[in-house]
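Visitor: I have a structure open here and I'm not sure where to begin. Could you walk me through it?

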Number of protein chains: 2
Amino acid sequence: MKNYISHDPWNIVEEGFHREHNEITESLMSLGNGRMGGRGNFEEKFSGKTLQGNYVAGVYYPDKTRVGWWKNGYPEYFAKVLNATNWIGIDIDIEYESLDLNTCEVRDFRRVLNMQEGYLERSFVAVFKSGKELKVVSKRFCSIVDDEAGAIRYAITPLNFDAKITITPYLDGAIRNKDANYDETFWDEVRKETGYGEAYIELRTRKTGFHVATGMCVEIEQDGVRIDYQSQPIKYEKYVANRITLDCRQEQETAIYKYGVNLSSLNRATDRYDSDELLQEARLYMQRVSRKGYEKMLFEQKQAWADKWKMNDITIDGDDRTVAAQQGIRFNIFQLNQTYTGEDERLNIGPKGFTGEKYGGSTYWDTEAYCLPFYLATADQKVARNLLVYRYKQLGKAIENAQKLGFKAGAALYPMVTMNGEECHNEWEITFEEIHRNGAIAYAIYDYVRYTGDEAYLVEYGLEVLIAISRFWSQRVNWSEAKQQYVMLGVTGPNEYENNVNNNWYTNYIAAWTLRYTMEVVEKVKALSPDRYAELCDRIHFQEEKEIGKASHIVGHMHYPYDETRQVFLQQSDFLDKELLSVSDIPKGQRPLNQHWSWDRILRSCFIKQADVLQGIYFFEDEFDHSTIARNFDFYEPMTVHESSLSPCVHSVLASLLGKKEKAYEMYLRTARLDLDDYNNDTEDGLHITSMAGTWLAVVKGFGGMRVEQTDAGQYGLRLSPYCPDGWQKLAFKIRFRGALLQVTTTQQTVTVENFSAQPVTLFVYGAPVTVAGNGTQTVGVKTNTAEA
Amino acid sequence: MKNYISHDPWNIVEEGFHREHNEITESLMSLGNGRMGGRGNFEEKFSGKTLQGNYVAGVYYPDKTRVGWWKNGYPEYFAKVLNATNWIGIDIDIEYESLDLNTCEVRDFRRVLNMQEGYLERSFVAVFKSGKELKVVSKRFCSIVDDEAGAIRYAITPLNFDAKITITPYLDGAIRNKDANYDETFWDEVRKETGYGEAYIELRTRKTGFHVATGMCVEIEQDGVRIDYQSQPIKYEKYVANRITLDCRQEQETAIYKYGVNLSSLNRATDRYDSDELLQEARLYMQRVSRKGYEKMLFEQKQAWADKWKMNDITIDGDDRTVAAQQGIRFNIFQLNQTYTGEDERLNIGPKGFTGEKYGGSTYWDTEAYCLPFYLATADQKVARNLLVYRYKQLGKAIENAQKLGFKAGAALYPMVTMNGEECHNEWEITFEEIHRNGAIAYAIYDYVRYTGDEAYLVEYGLEVLIAISRFWSQRVNWSEAKQQYVMLGVTGPNEYENNVNNNWYTNYIAAWTLRYTMEVVEKVKALSPDRYAELCDRIHFQEEKEIGKASHIVGHMHYPYDETRQVFLQQSDFLDKELLSVSDIPKGQRPLNQHWSWDRILRSCFIKQADVLQGIYFFEDEFDHSTIARNFDFYEPMTVHESSLSPCVHSVLASLLGKKEKAYEMYLRTARLDLDDYNNDTEDGLHITSMAGTWLAVVKGFGGMRVEQTDAGQYGLRLSPYCPDGWQKLAFKIRFRGALLQVTTTQQTVTVENFSAQPVTLFVYGAPVTVAGNGTQTVGVKTNTAEA
């Protein structure tokens with residue numbers, strides 16, 4: 001755990017240069033706009049510890065799989081997020097000395113990610129070996145408004161000398177993925193060109209054939225006045241630059257404005273790559289943004305971020321200590337918004353977003369299990385819908401994937417990790433066995449329809465996906481003669497510290513639930529649109545009677561491991577053969593377990609990486625009574641080491657539900673500041689983007705007690721049971737629900753719901769209906785959850 | 001399955017060149033002498049399908065581990081058998097045409113491995129594009145007598161032309177391992193030299209620093225007379241050659257004698273590698289063998305092989321069909337003798353011997369479980385003893401290995417795959433979990449002492465190993481509160497088509513057995529040598545009372561999964577939840593399963609790769625009654641797919657025991673001709689050396705019913721219950737037992753035991769004592785095993 005980032009409600013601040021933590025800071029200060037992004041690298045050369053990273057959404061490379069021992073069924077390729085052309089680079093040289101913070105002395109260094117307005121700012125004085133002192137102030141952003149562009153203002157001021165300064169803005173596509181399996185280069189150069197103050201380069205990915213045209217345009221001001229300059233074009237393999245030499249006087253500010261554009265063939269209709277059509281589009285795009293100009297772009301950026309924050313800010317008031325909590329939640333919301341905007345149904349939420357390369361792929365079950373609720377409640381309905389459509393469009397590949405594993409008749413197994421629908425992962429215990437992911441995809445459909453009421457989605461897309469997933473579950477279970485029940489052998493549950501177990505309770509439960517829900521949706525779709533239903537049955541050869549018959553039998557005879565003595569669900573068969581210990585029994589210095597224990601020791605221990613039975617209870621809370629939830633929480637929580645970033649949030653939500661406020665708060669802090677404090681010693685690889693949604697869940701579903709549930713009248717209604725954690729004076733969050741935008745403000749005494757929409761909204765606060773008039777406010781007293789007793 | 005190798009009792013014969021199977025033939029025709037060896041490659045250039053392979057025993061390279069996803073505890077390196085300098089090469093060029101059987105037309109091709117005399121012979125006529133016809137006859141062997149040398153006679157005869165022929169004998173060290181993880185080169189050149197008719201090259205392995213000096217010496221005869229010749233030295237990186245151009249007349253035979261020596265630093269006291277000391281030793285060694293000369297060397301080779309066959313030949317008489325069975329068993333015995341001679345306790349039996357690179361390492365549990373009985377019964381006692389001492393010497397590393405996995409207080413876990421005692425394997429489910437191997441090492445001590453009566457071994461080495469292994473088992477089990485028994489969670493049994501299971505019956509059984517046997521040996525060593533016992537207790541901190549107390553408690557409370565209904569042992573917990581099918585239920589075209597099913601499907605199926613419960617019953621046969629053995633055989637055999645080469649032999653032995661003669665014979669044929677007929681489509685990678693011992697087991701323990709067991713008087717005696725498989729007229733095998741050499745000859749009617757030693761021997765035939773006088777013979781009638789009924 002590290003603590004060098006200053007606590008501040010709106011900014012991520014590095015005071016003084018922490019050279020040893022530079023890769024962590026680069027991750028934290030990443031910028032993105034859903035379409036392109038990159039790490040918080042320096043514009044100028046840096047010979048110290050750095051992970052250069054620039055990424056273009058949806059552009060990937062199928063890297064040849066690397067395994068020790070091949071298993072039949074492994075995918076040949078792992079789709080990797082590609083490190084793309086560096087468009088931010090500006091080298092500075094002064095009479096044979098290069099500006100490089102690894103070799104210069106650094107004074108007054110400050111690097112700030114401004115989350116409120118969406119930019120990265122940096123200022124410092126570099127002292128060269130010759131004694132020359134150069135002041136630098138830079139500001140950079142990826143535009144949300146012009147989402148294929150970014151801009152930089154890079155200002156240098158000689159403090160104690162006059163000199164000719166050479167400024168070399170460049171585009172560098174000669175980059176490699178740090179995580180390439182075989183050190184291959186993923187990009188080929190197609191063409192490049194330089195012009196006055198401009199340069200363009202077009203690269204093509206090997207194998208996948210994506211083209212990306214990157215351009216730069218450079219303007220220079222001295223003393224606040226734009227100047228003409230001479231530039232010398234420089235071209236190397238996959239590299240273009242303009243070298244500019246200027247006379248700079250002591251105390252005179254020279255400001256370099258560098259505009260960058262990144263156009264990907266993914267977003268362009270053209271396939272005429274023999275011509276320079278894509279480059280031409282980049283030129284036009286560049287013309288547009290450079291004419292708009294840096295200041296206007298920045299102004300629009302601030303406005304766009306203000307709009308976003310209006311929709312999904314969370315504020316925490318309290319003493320000084322709450323600043324860390326405030327900063328944490330805003331950081332999470334900010335990064336989620338930078339990663340995914342929901343405007344393109346072909347994109348998804350990569351585990352590292354635009355902040356690193358690790359884990360490749362773009363889509364895990366994290367999207368459905370953790371991220372969807374965030375986007376449902378904070379963005380337009382179409383954003384969440386696009387996440388669902390993404391999976392619908394990959395249904396064919398999911399069916400192929402299941403076929404490879406021996407399933408048939410339209411059964412679908414969604415991949416563990418994917419970019420284009422094909423499986424990318426290659427550990428048998430995960431790729432082939434962590435099949436609960438399939439259930440999360442079904443659950444997301446339920447979650448979306450419950451939240452939005454968009455039943456048309458079921459007709460159009462949902463049922464087809466549900467049937468395919470249900471077919472998988474029906475084939476995956478087998479009848480145990482010994483138990484006279486259905487069992488599911490050889491699976492890995494959400495807790496990846498168990499592999500190849502039998503009857504993982506969570507997996508069995510979500511499998512049977514999927515079958516139940518599919519049967520329900522079949523009835524619904526039949527009622528809503530008999531024609532569409534008939535068409536679907538015909539197209540996918542759905543034999544209602546036979547398939548529903550089998551499904552019902554499975555639902556009625558599924559085996560759920562259970563401990564009669566403790567009255568808790570068992571994570572899997574034979575769980576009680578383990579030595580049941582508590583995390584507090586683990587000797588000091590042996591955590592995280594996965595860095596200290598061999599894998600077999602972890603597997604046979606009782607220790608849990610992330611919520612498993614509790615994940616199921618979290619999903620299906622309505623189906624369990626309070627004391628069941630409490631017993632299971634009390635049994636499993638002490639064994640859980642939370643070595644997955646996705647674990648604490650679920651525990652926090654359930655702890656809130658159970659009135660275990662201290663535990664809820666402890667778990668909240670762990671998720672909110674996971675990256676800021678580098679809890680797991682891995683922030684340098686990039687941020688834990690998907691788990692950031694979990695932080696939001698801990699606040700809104702946890703402290704806020706927000707649920708959508710069926711009322712007695714059969715309607716779905718919003719429920720709130722908020723409380724303010726001890727030490728906080730006020731917690732306020734915004735949520736969108738079926739057209740309304742609400743703000744919920746909770747103090748230690750009262751809950752106030754503000755309705756920003758014109759229509760009145762009726763919701764349930766602590767179970768009692770509360771109607772808030774259009775543009776009105778309602779306040780009720782806080783009810784303390786007494787479940788703790 | 002392939003069928004191009006001619007059936008012949010003493011020879012492996014390829015009639016006509018089977019270009020498409022060349023890599024298979026190269027494996028089959030490998031030569032070795034325990035110290036060096038190589039594949040049956042051609043001497044001359046060959047541009048077709050070939051796997052060049054020359055190997056020097058004990059010389060390895062720690063290749064950097066390659067995995068997809070790293071697990072804590074994985075070894076950094078995988079010790080690979082090294083492809084070493086090619087010493088056999090002789091290029092032939094005639095006026096700009098090269099002799100290359102891939103480009104020439106080939107006539108009258110014949111390649112024969114003569115197993116009786118231990119050499120490889122080849123003859124053919126090559127027709128060049130120019131129409132020139134060249135006859136070639138080559139003969140090559142690795143000398144058993146001079147085991148760092150080999151020799152070749154390579155004779156060429158122009159059939160229809162006179163010409164200058166260029167002959168280039170060479171040494172080529174510029175070779176790579178085909179299975180290198182990162183395409184690295186493993187050798188560096190140290191020095192090289194050429195002289196008249198001679199050349200030497202010394203290479204050093206990277207990282208491990210082994211030096212190997214390889215030399216060649218060339219003599220030439222024309223018309224049977226040794227001639228002088230001019231040679232041009234050629235040197236490239238890691239390559240030396242002598243180019244010799246000779247006038248050759250039509251019908252004149254030119255015979256090239258090439259001697260090769262391979263001296264490894266492993267066998268030399270010197271460590272002065274800055275001088276050419278090793279090369280100098282190679283020169284002296286070469287002088288000695290070349291003076292001895294090819295004919296004398298070959299004569300000695302034939303004699304040495306005759307001596308070996310005298311000790312361990314097995315003969316089968318019958319109709320034509322028995323020739324295949326005869327050839328199969330001889331091939332297995334021949335290759336085992338080529339691989340391991342037992343003279344060097346630092347060596348072991350590599351899975352591919354000198355016939356290929358695959359699987360790296362040199363030592364698996366195969367050595368103890370399958371190979372030891374072969375060497376016990378066919379070689380001097382010291383050979384088997386050296387196999388045991390090999391493990392004793394690696395005890396320290398085994399203790400370190402266990403420590404890495406969290407065990408303490410002198411617990412030892414022997415590696416799954418090793419060269420120098422360090423673990424080389426890197427699949428968690430095997431490396432960390434296939435721990436039954438530890439039991440096999442304990443069992444081998446028991447097996448050795450039972451066979452030889454060498455109780456001094458227990459005092460000197462055995463007990464120390466047993467205590468360390470027992471400590472491992474005592475720590476590896478845990479007490480299950482639910483079962484009120486000890487359980488062993490998360491293991492992989494011998495059947496690798498199950499991973500990470502709980503309570504693998506075989507593993508639990510061998511663990512408890514090890515504890516029992518250790519307790520017994522403690523008492524024995526205390527009685528035999530109280531001083532040594534006291535010294536040992538002190539040195540390894542053995543706390544007798546405490547450790548034996550724990551061990552007894554485990555022995556008394558171990559959990560053994562059992563099916564009360566069928567009265568069979570269960571391979572593991574929850575085995576009965578599986579769908580219990582028979583191999584005959586597997587749809588056609590889906591075998592071998594591991595090439596058609598994804599791993600998870602294999603795991604959750606009931607299908608068994610290799611004997612698991614039956615392996616345990618085979619080891620501990622005395623502890624089960626006949627009907628228990630029969631019930632378990634009948635339950636498991638139909639589910640077994642035998643996709644490990646180590647499976648059929650165990651089934652064959654048990655089938656013989658149970659009187660299931662047809663099954664025994666089917667399983668025998670499957671193991672005996674596994675490589676000759678390329679059953680598993682992988683002979684091209686090299687031969688299945690360790691499973692060859694299983695073939696011998698199927699004959700001697702299976703058909704011969706040979707056992708060593710404790711008599712009522714407490715002595716160990718040899719027991720025989722032989723039968724002759726249907727269709728065989730006579731089966732004869734030789735065994736050594738406690739100083740005596742016996743031949744057992746079985747016909748359909750009688751069993752004759754011939755005693756080649758001077759002392760009388762009493763053994764038990766069909767349970768009745770039979771005494772055979774020194775140099776005498778006894779015959780009894782065959783008793784048909786009636787257990788089938």
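**A walk through the two chains**

Guide: Let us begin with Glu496(A), which sits in the loop between strand E24 (485-487) and helix H11 (505-528) of chain A. Please keep in mind throughout that this is a predicted model.

Visitor: What does UniProt say about Glu496(A)?

Guide: The UniProt record, an unreviewed entry, gives Glu496(A) the annotation "active site".

Visitor: Okay, and is Glu496(A) buried or exposed?

Guide: Glu496(A) counts as buried, because it has 20 C-beta neighbours inside 10 Å, and 20 is the number from which a residue is called buried.

Visitor: Which residues is Glu496(A) in contact with, leaving aside its neighbours within four places in sequence?

Guide: With those neighbours left aside, Glu496(A) is in contact with Ile430(A) and Lys609(A).

Visitor: Does the record mark anything else? What is listed for residues 718-772 of chain A?

Guide: For that stretch the unreviewed UniProt entry lists "domain: Glycoside hydrolase family 65 C-terminal". In the model, residues 718-772 of chain A are 0% helix and 67% strand, and the C-alpha atoms at the two ends of the stretch are 12 Å apart.

Visitor: Let's switch to the two chains together. How is chain B laid on chain A?

Guide: A turn of 180° with a shift of 0.1 Å along the axis lays chain B on chain A, and the RMSD is then 0.1 Å. The two copies are thus related as by a two-fold rotation axis.

Visitor: Which residue of chain B comes closest to the rotation axis?

Guide: That is Val67(B), whose C-alpha comes to 2.3 Å from the rotation axis.

Visitor: And how many residues does each chain bring to the contact?

Guide: The contact takes 42 residues from chain A and 42 residues from chain B. On the side of chain B that touches chain A, strand E23 (478-480) and helix H14 (599-604) of chain B each supply at least two residues, and the largest share, five residues, comes from H14(B). By kind, the residues on that side of chain B divide into twelve nonpolar, 17 polar and 13 charged.

Visitor: Why do the copies meet through the same surface?

Guide: The reasoning is that 100% of the interface residues of chain B are also interface residues in chain A, so the copies meet through the same surface.

Visitor: You mentioned H14(B). What about Ile608(B), where does that lie?

Guide: Ile608(B) lies in the loop between H14 and helix H15 (613-619) of chain B. Ile608(B) counts as buried because it has 27 C-beta neighbours inside 10 Å. Leaving aside its neighbours within four places in sequence, its contacts include Asn495(B), Tyr497(B) and Tyr636(B). There is also a separation worth finding on your screen, since the C-alpha atoms of Ile608(B) and Pro638(B) are 9.2 Å from each other, with the two residues 30 apart along the chain.

Visitor: Now a helix, please. Which residues of helix H7 (residues 395-404) of chain B are buried?

Guide: In H7(B) the buried residues are Leu395(B), Ala398(B), Ile399(B), Asn401(B) and Ala402(B). They cover an arc of only 160° around the axis, which puts them on the same side of H7(B). In general, an α-helix has 3.6 residues a turn, so residues three or four places apart point the same way.

Visitor: What do those buried residues pack against?

Guide: The buried residues of H7(B) pack against helix H6 (381-393) and helix H10 (456-476) of chain B. Just after H7(B), you can look for Gly406(B), which takes a positive phi of about 100°.

Visitor: Last topic, strands. How do strand E11 (residues 119-127) and strand E12 (residues 133-142) of chain B pair?

Guide: E11(B) and E12(B) pair in the antiparallel sense over eight bridges, and Leu120(B) has Arg140(B) in E12(B) as its bridge partner. The two strands form a hairpin with five residues between them, and Gly131(B) in the turn has a positive phi of about 95°.

Visitor: What joins E12(B) to strand E13 (residues 149-158) of chain B?

Guide: Nine bridges join E12(B) to E13(B), and these strands run antiparallel. Leu134(B) stands opposite Pro158(B) in E13(B), and E12(B) and E13(B) form a hairpin with six residues between them.

Terms used
Residues are numbered from 1 along each chain as its sequence is written. Chains are lettered from A and ligands numbered from 1 in the order in which they are written. This is a predicted model: local features need pLDDT of at least 70, side-chain atom pairs count only at pLDDT 80 or more; totals for chains, interfaces and linings use all residues. Two residues are in contact if their C-beta atoms, placed from the backbone, lie within 7 Å. Helices (H or I, at least four residues) and strands (E, at least two) are DSSP runs, numbered from the N terminus. Ala, Val, Leu, Ile, Met, Phe, Trp, Tyr, Cys and Pro count as nonpolar, Asp, Glu, Lys and Arg as charged, and the others, Gly among them, as polar. A residue is buried if 20 or more other C-beta atoms lie within 10 Å of its own, exposed if 12 or fewer, and partly exposed in between; C-beta atoms are placed from the backbone. Two strands pair if DSSP finds at least two bridges between them. UniProt positions are given in the numbering used here, feature names are shortened, and annotations may be inferred rather than shown by experiment. Copies are superposed by least squares on the C-alpha atoms of residues with pLDDT of at least 70 in both. The arc is that of the directions from the helix axis to the C-beta atoms.
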